[in-house]
Amino acid sequence: MSGRIPREFIDELLVRVDIVDLIDSHVPLKKTGNNFVARCPFHTEKTPSFSVNRKKQFFYCFGCGASGNAISFLMDFSHLDFVEAVEDLAGFAGIEVPRESVEYQSTQKKGDLNDLYALMEKAAAFYADQLRTSAEGKKAVEYLKSRGVSGDCASDFMLGYAPDEWQALANQFDQKLLLEAGMLVSKEGGQIYDRFRGRIMFPIRDKRSRIIGFGGRVLDNSLPKYLNSPETPLFHKGKEVYGLYELLEKNAKPQRILIVEGYMDVIALAQFGIHYAVAALGTAASQAHLDLLFRFTSELIFCFDGDKAGREAAWRAMEPAFSSLKDGRQIRIMLLPQNHDPDSLIREEGIDGFTARVQAAETLSEYFFGRVSNELNLSEMEGRAQLVNKAKPYLEKLPESIFKEMMLARLKELSGWTGLDVLENTATLTPKQSSKQRPEIHRKPLPNSGRLSSARVAIALLIQNPRLAEIVEQREIDWDGLEFKGAALFMNILQTIADKNPATMPVLVECYRDATEEKPIKALAFLDLQVPDDKIETVFCDALNRLLIQAREASLARLLDKDKIRGLDAQEKELLRKMLTAK
């Protein structure tokens, strides 16, 4: 794999690209006052609430709360991960993305990766041709027909057949590239042979349609029944799912995504018109899998066979599920009847029956509390204690959210234990909100900054104008005694500016991607204080002065109270004397 993208390049890229030009190329914008507006591309609305500010190089939707810089927009709009978004933004700017050399980094170069992608396309074409034309392939075709797979469906998923020969691929293509792509196996003696032999082949495509690996299934009962590509520069099974590209081709914004257990489940459901299923690739669903899928939908449904193995798989999915459940996301659990998989069930009950089961799938909360309380006697103290011990480790994995508070409240209700405190996210300045209660930013600009607290004004101006940190550096401030609501965030931002030296507000916000402070910083970044450019420093200094005065008064009151109650030590007495003298 290529090395990391230098942080300096990302910062420079954000400075170079005009976010208005970028977004306007995807969503036509209309200028209104100082901002550019449009109907939000991230939720359905009749009147424009999506606003882009050229000066701040930031977008914000007053309807759904989506916000961020140019990178954030590409990640959300085009469903890209961070690196892909940076690459696309660099392409928009017409510049190459440099890479750092990293310890343990593969020597793989971008050109070599392109060669690997091209090779995988050729291999898939070879397998598809074998399925259509070879004598062995006819047996595979008969098997697929027996499973109800049509020719159109086989074509949509690019199904093929790997001949039952030791070097069918090795004799066709560059062996060095085949080895790097995981398509050949090399023995210690130097002998090489095809990894996939005598199997129906399922090409695995990423969301950009590139073939990154293969899965192969035998036609008989020999083992292993399924064989997947190994980890390669292209393929990482813990981060990819089967069927995602095909799903997005049918619907770029699915209402829900069904996670099933195998390739044939995905294909069988697609055959019946269920085009929103994907499968993990020979491994349990990970948090990386769920975070990937949540970029395209707000609802995931785990679909497991109803046997013991299926029930155990459903429970194993709880750990990554809890870690990925931010506000606005939902997970359901769908356990199938005994002796059924999705393929057999949809054939027996039809699409209407299967869809009804999908819609009636248990919520994660119902499934979880049903599972942890099963076989416990909650009328006894011991049973309730066991319930807390079983449930609390999972609930602690939940990100700070309304859902976490409600889950903890439910555990309190079932256990009766008042020692379970609902945890609060003290890092934010804004009230906690659900997916429908976004940061409290008015649609109309605030008439003046006087209605806001001094802390909110100072922090918002500092985020929007990182250069103001120079003013703070010139002050003699007792940081240990600086106490006000938001002080920790204020000092955190100052430290980040000192460490990263961001040139602009979007660059500063980028420093907080995926950090606990990201949400309040984004909200304050777009807060319209209506402060003229020539008054920014004055308003900031006024707000800072008020904060310092408030902090000094609070510190003085604390020392006086302590002096009355239990006395002060020598250092505290000297501090009090100086404060009283200065006053």
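1. A cavity, in the sense used here, is a set of grid points where a 1.4 Å probe fits but cannot get out, and its lining residues are those with an atom within 4 Å of a point. The model discussed in this note is a predicted one. With that definition in hand, the second largest cavity is lined by Asn69, Ser72, Val509, Glu510, Arg513, Glu518 and Lys522. Two elements, helix 21 (505-510) and helix 22 (518-525), give two or more residues to the lining of this second largest cavity.

2. The volume of the second largest cavity is about 30 Å³, and its lining, sorted by class, consists of 1 nonpolar, 2 polar and 4 charged residues. Counting cavities of 30 Å³ or more, the model has 2.

3. Turning to the largest cavity, the space in it comes to about 40 Å³. Its lining is made up of Leu13, Leu14, Val17, Ile19, Gln57, Asn69, Ala70 and Pro506, and by class these comprise 6 nonpolar and 2 polar residues, with no charged residue among them. A reader following Asn69 will find that residue in the lining of the largest cavity and again in that of the second largest.

4. Asn69 also has a part at the start of a helix, since the residue caps the N-terminal end of helix 3, with a side-chain oxygen 3.1 Å from the backbone nitrogen of Ile71. Helix 3 itself spans residues 70-77 and is mostly covered, 6 of its 8 residues being buried.

5. Which residues of helix 3 are buried? They are Ala70, Ile71, Ser72, Phe73, Leu74 and Met75. Of these buried residues, Ala70 belongs to the lining of the largest cavity, while Ser72 belongs to that of the second largest. After helix 3 comes His79, a residue whose phi is positive, near 55°.

6. A separate part of the model that merits a look is the strand pairing around strand 16. Strand 15 (residues 299-304) and strand 16 (residues 330-335) are paired in the parallel sense, with 6 bridges between them, and Phe304 stands opposite Leu335 of strand 16.

7. How does strand 16 run relative to strand 17, parallel or antiparallel? Strand 16 and strand 17 (residues 362-363) run antiparallel and are joined by 2 bridges, with Arg332 standing opposite Thr363 in strand 17. Strand 16 is thus found in a parallel pairing with strand 15 and in an antiparallel one with strand 17.

Definitions and conventions:
Residues numbered from 1 in each chain as written. Predicted model: local features only at pLDDT ≥ 70, side-chain atom pairs only at ≥ 80, totals over all residues. Heavy atoms only, no water. Buried < 20%, exposed > 50% of the residue type's maximum accessible area, 1.4 Å probe, protein only. Helix = DSSP H or I, 4+ residues; strand = E, 2+ residues; numbered from the N terminus. Polar contact = N/O pair within 3.5 Å; in protein donor to acceptor, adjacent residues only side chain to side chain. 1 Å grid on protein atoms, 1.4 Å probe; cavity = no way out; pocket = protein on both sides within 12 Å on 5 of 7 lines; lining within 4 Å. Points joined across faces, edges and corners; volume = space filled by probe spheres on them. Nonpolar A, V, L, I, M, F, W, Y, C, P; charged D, E, K, R; others polar. Pairing = 2+ DSSP bridges.
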